[in-house]
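Student: I am new to this structure and would like to understand how its features are named. May I ask for the reasoning behind each term?

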Amino acid sequence: MSAASRPADRRQSPIELLTGFRVGVTSDRRSQDLISALERRGAEVLHAPALKIAPHDQDTILVAETRALIEARPEVVLITTGYGMRRWLEVADTVGLGARLTEVLEDALILARGPKSVGAIRAAGLEEEAASASDTTASLIDAVHQAGLTGRRVAIQLHGYTDEIQLARLRDLSARVWTVTPYRWVPPAAPDRLTRLIEATCARHLDAVTFTSAPGAEATVAVAREIGLLDEFVAALETDVLAVAVGPVTAGPLRDAGATVLAPDRHRLGALIRLVSEELAEHRVRRLRCGAAELELRGGAVLVDGRLITLSPNAFALLRTLAGTEGVARRADLQRCLPDGTDEHALDVAISRLRRSLGVPGLVKTVVKRGYRLGAVR
C-alpha cells in the first residue's frame with residue numbers, strides 16, 4: 001500500500017483550503033480577525049485566550065506613570081508597540097494630558113521597535129529618530145547604545161510583559177529610566193478553556209495551534225506544566241500538531257520548552273494566517289485511490305470522491321491507521337485507536353460504523369483472522 005502526498009490545488013478542490021482542519025487560537029487582542037480568517041478558509045476554530053488585556057478601568061496606573069514622565073521630561077523615549085503607543089495617547093487625551101504628553105514627546109528623541117511602532121508614531125504627528133534593526137526589545141536597547149545615547153534620561157513604553165533582562169540593560173546605559181505600560185496582561189475570565197485546548201492538543205484533536213504574543217505562549221507553557229501535561233503537549237507539537245507563532249520572540253517560550261514552532265518571515269497576522277493555511281493544505285493533506293474511489297484525508301475529515309464526510313475522532317483514527325499501513329492493519333493495532341483498547345467485538349462494530357459513514361462498498365475489506373485493509377490502494 002502506498003499513499004502519495006502532494007500540494008493542495010485550490011483551483012481543483014471543491015472545498016475551502018482548510019476544510020476539515022481544526023485550529024487552536026490562543027490570542028485575545030485581534031483574536032476575532034484571526035478566527036474569522038481561519039473560518040473563511042474552512043477551518044474549525046477552538047478559541048482559548050491564554051491571557052487578556054486588562055480592562056480600561058485599571059488605567060489609573062498608566063495615568064500616574066504618564067504624569068511622572070511629563071514631569072521628568074525624558075530626553076529619549078522608546079516605543080515598543082504600535083497598539084501601546086495609540087492606547088497611551090488615547091488615555092492621555094481622556095484625562096486631559098494629551099497636549100502636555102505630545103509636547104514632551106516632540107522634544108525627545110524617539111526610537112521605535114519595528115514598523116508598527118513607526119506607523120503609530122507618525123500617525124500621532126511625531127517623528128522617530130531611528131527604528132531598531134529587528135522587532136525585539138533587545139534590538140531597541142542596542143539602538144540606544146549604537147546611537148551614543150548613554151547617560152540620558154530615558155522613558156520606555158512597555159507592552160504588557162516586562163522583559164526584566166532588557167530593562168536592566170537599559171538602566172545600565174541610562175542616567176534614569178521611567179516606564180509606562182499602556183496595557184497589561186491578566187489571566188482570562190475562563191482559564192479552563194486554555195486547559196481544554198492543551199488537552200485537545202495532547203489528544204491530537206487539533207491540527208494546529210497559533211500564538212500571537214510571547215506572554216501568551218509563556219502562559220500556555222506554564223498552564224501545561226501546572227496540569228502535568230507539558231511533556232505530552234511538547235510531544236504533540238513536535239509531531240502531529242502544527243505550532244505557528246507570529247514571530248521568533250513569540251515562539252521563544254515554546255522553543256525553550258522543546259517544541260518545534262514555525263514563524264513567518266514577516267511578523268504580521270496576515271503572514272501567520274497564510275503560513276498556517278499553506279502548511280496544513282500542502283503538507284497535512286493525504287490523497288489516495290482505493291479501487292474506483294478517491295480519498296482525501298484532511299484534519300478530522302475525509303473526502304470520498306469529492307464528498308465531505310466528518311468522522312468521529314475514533315473513526316478517523318481507524319481510517320488513518322488503515323491508510324498508513326502497508327498491507328493488512330492488524331486487529332491489535334486498530335484496537336489501540338479505540339478508547340481503552342476495547343475488545344475485538346467493539347473493533348468490529350467500529351469498523352462497521354466506519355464503512356457506513358464512508359458509503360463505498362468494498363472500501364474497507366476484512367482479512368480473516370488478521371485484520372482489515374483498504375481495498376486496492378494506489
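Student: Why is the pair Arg 30 and Asp 33 called a salt bridge?

Tutor: In this predicted model, the closest N and O atoms of Arg 30 and Asp 33 are 3.3 Å apart. A salt bridge requires a side-chain nitrogen of Lys or Arg within 4 Å of a carboxyl oxygen of Asp or Glu, so the pair qualifies.

Student: What makes Arg 30 count as partly exposed?

Tutor: Its relative accessible area is 40%. Buried means under 20% and exposed means over 50%, so Arg 30 falls in between. Asp 33, with 43%, is partly exposed because the limits are those just named.

Student: How do you know that Asp 142 and Arg 169 form a salt bridge?

Tutor: Their closest N and O atoms are 2.6 Å apart; the cut-off is 4 Å, and therefore the pair counts. The pair links distant parts of the chain, with Asp 142 in helix α6 and Arg 169 in helix α7, 27 residues apart.

Student: Which residue forms a salt bridge with Glu 294?

Tutor: The partner is Arg 289, with the closest N and O atoms 2.2 Å apart. Glu 294, in β13, is also the bridge partner of Arg 289.

Student: Why is Arg 289 called partly exposed?

Tutor: Arg 289 has 25% relative accessibility. Buried would need a value under 20% and exposed one over 50%, so the term partly exposed applies to Arg 289.

Student: What makes β12 an edge strand?

Tutor: In the open sheet, ordered β12-β13-β14-β15, β12 pairs on one side only. Six bridges join β12 to β13; strands pair if at least two bridges are found between them, so these two count as paired.

Note on methods. Residues are numbered from 1 along each chain as its sequence is written. This is a predicted model: local features need pLDDT of at least 70, side-chain atom pairs count only at pLDDT 80 or more; totals for chains, interfaces and linings use all residues. Side-chain values use heavy atoms; hydrogens and water are left out. Helices (H or I, at least four residues) and strands (E, at least two) are DSSP runs, numbered from the N terminus. Buried means under 20% relative accessible area, exposed over 50%, partly exposed in between (1.4 Å probe, protein chains only).
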